[in-house]
Amino acid sequence: MSSLLGIDLGTSSVKAVVFAVEGALKGVGMAEYPILTPRLGYAEQGPEQWWRATIIAVREALEKAGRPQILGIGLSGQMHGLVLLDQRRNLVRPAIIWADQRSVDLLPELRERVGLSLRAQQCGTAPTTGFLIASLYWLKRFEAETLDRAATFLMPKDFLRFKLTGELGTDESDASGSGIFNVGQRVWANDVIERLELPRSMFPKVHASADVVGPLSQEAAAQLGLRHGIPVSAGCADQPAQAVGNGLIDPPLGSITIGTGGQVFVPLNQPLMDPELRLQTFCHAPQAKWYLLGAMLSAGMALKWLRAVLGREKSTYSELVSLASEVEPGSEGLVFLPYLVGERAPIMDPRAKAGFVGIALRHGPEHFVRALLEGVAFALRQIIDTMVGCGAELTRLVASGNGLANSLWRQIVADVLARPMLQGTDEQASERAGVGAAMIAGIGAGVFNGYHDVQKLAPVFNVVTEPNRETAALYESHYRSFLEIYPRLKSWRAI
């Protein structure tokens, strides 16, 4: 059976999916790799480890799928990271990934040099720790000799594309997440590059996501167990890849995700910039589409932290969440701020701190669990309210990620948002980024006739979690209290 191969490079693992052209997922492979933390606040990875893991994942997926004919290969990957190559195309240093915090003290200076008008009108995002713009600027200030040795940079998934084809470059969606890209014109922001005094020669060629950027090389084919010459498409960042896999091409169908972090994704027919840069506007995989993204850093991560703090590592997450059912909505006045590692949308404060506020003697583990679930939901509501205030259309939201697979947490989010949560019956919902990468490869290889053609293969979202009107009304006052806490605590820093 003819199939397509999608490779999704995540933060902790790479997944490979074999997707039949008729729409069925035939095989999945996965391999893990570590995050390197050579110093406090640093987050790096070894690109060659990504490639070794990719070989394992692809071979596993092909074996499970029965080794079908592969017509095209597509890529999806973690956003914002920086990979440096020298003139001989050798790695200069480990990759700096999105979770890196080393540039936090440079952000005010970086924002001043770029200027608010350029950031708002062109780049669609404020410079943020872990973004390519901040990592490059940090290297310029503190590892100038490293930057001098670099001939070009790539985004994480583009290193895999280099290993597959020998060709260098990136795509519009990933480039737009760099903070140095004109998202409206879909080209590098030369004004920003000049203001930061970065060498223009190191900025790679930018392709559309479905562009075929080269054939699979003989060397890579031998390592992966594939025939050489298979067309490889440029691919895209993980957020638009997941959206393509779920059929989220046009507004008003968006998505809300609770995984390690939390994201709200809204497709756009034209760029919509938040003048205050509390949100991010990036390029979607289709060239005539964009998307608005609000990302919070700690959602499922916060639940994992609380499980350890409560000494319940032997409990499953479902068992932990079930404790919250013992407590009434509102957690008897206990409120959680989910800023364990700072926060992005909409407060954009890398120094923000988490906290439980309103602790009383009667509060037990069940109250802390429920307050945490509600705090994450309140933070997602704040993102959505900011989006609506900017003019975005959010009438239908697909629930995604392991957090929203839990019925109680999903109901809490539906009640806090006062919006229905849509789900499909697809058992492989967690693989939609890899499926989206495979679909894009199919467009590039001529198997599909554009994005609306692959949209026909997307899941049907026929499972609906409706908000409870009484609970939704109750949550309004608790949400208003949540909004008041961060501004009051912002100026206070623990010694």
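1. Contact here means heavy atoms within 4.5 Å. The structure is a predicted model, and this note takes up its nonpolar cores, helix α13, the packing of α17 and α3, the cysteines and a surface patch.

2. Glu374 illustrates the use of that term. Leaving aside its neighbours within four places in sequence, Glu374 is in contact with Glu328, Pro329, Gly330, Ser331, Ile412 and Tyr475. Glu374 is placed in helix α13 and counts as buried, at 1% relative accessibility. One of its contacts, Gly330, lies 44 residues from Glu374 in sequence, while the two C-alpha atoms are 7.7 Å apart in space.

3. His367 also has its place in helix α13. With a relative accessibility of 3%, His367 counts as buried. Outside its neighbours within four places in sequence, His367 is in contact with Val327, Ser331, Glu332, Leu334 and Arg362. Ser331 thus appears among the contacts of His367 and among those of Glu374.

4. Phe482 belongs to helix α17, which covers residues 469–489. Its relative accessibility is 1%, and Phe482 therefore counts as buried, the limit being under 20%. Between the C-alpha atoms of Phe482 and Glu374 there is a separation of 9.9 Å, although their positions lie 108 residues apart along the chain. Neighbours within four places in sequence aside, the contacts of Phe482 are Val335, Phe336, Leu337, Pro338, Tyr339, Gly375, Phe378, Ala379 and Gln382.

5. The largest nonpolar core has 105 residues, and Leu136 and Ile256 are the members that touch the most others. Helix α13, residues 365–389, gives the most to this core, contributing 13 residues. A second core, separate from it, has 39 residues, among them Ala43, Val83, Leu154 and Ile230. In soluble globular proteins, nonpolar side chains tend to be buried together.

6. Which residues does Leu136 touch, not counting those up to four places away in sequence? They are Leu82, Leu147, Phe153, Ile180, Leu198, Met202 and Phe203.

7. Helix α3 spans residues 116–123, and its buried residues are Leu118, Arg119, Ala120, Gln122 and Cys123. The elements that cover them include α2 (107–114), α7 (172–176), β10 (181–182), α8 (190–195) and β18 (280–283). After α3 comes Gly124, which has a positive phi, near 75°.

8. How many disulfides does a search of the whole structure find? The result is 0. Cys123 is in no disulfide, and the nearest cysteine sulfur, belonging to Cys283, is 11 Å away. For a disulfide the two sulfur atoms would have to be within 2.5 Å. Cys123 is buried, at a relative accessible area of 0%. Cys283 is likewise in no disulfide, its nearest cysteine sulfur being that of Cys123, and Cys283 is buried with a relative accessible area of 0%.

9. On the surface, Trp305, Val309, Leu340 and Val341 make a nonpolar patch of about 320 Å². Val341 is located in the loop between β20 (335–337) and β21 (355–357). Is Val341 buried, partly exposed or exposed? Val341 counts as partly exposed because its relative accessibility is 38%, and partly exposed refers to values between the 20% and 50% limits.

How values were computed
Residues numbered from 1 in each chain as written. Predicted model: local features only at pLDDT ≥ 70, side-chain atom pairs only at ≥ 80, totals over all residues. Heavy atoms only, no water. Core = buried A, V, L, I, M, F, W, Y, C linked by side-chain atoms within 4.5 Å. Buried < 20%, exposed > 50% of the residue type's maximum accessible area, 1.4 Å probe, protein only. Helix = DSSP H or I, 4+ residues; strand = E, 2+ residues; numbered from the N terminus. Patch = residues over 30% accessible without salt bridge, like charges linked within 9 Å, V, L, I, M, F, W, Y side chains within 5 Å. Areas by Shrake-Rupley, 256 points an atom, 1.4 Å probe, with all protein chains shown as cover. Salt bridge = Lys/Arg side-chain N within 4 Å of Asp/Glu carboxyl O.
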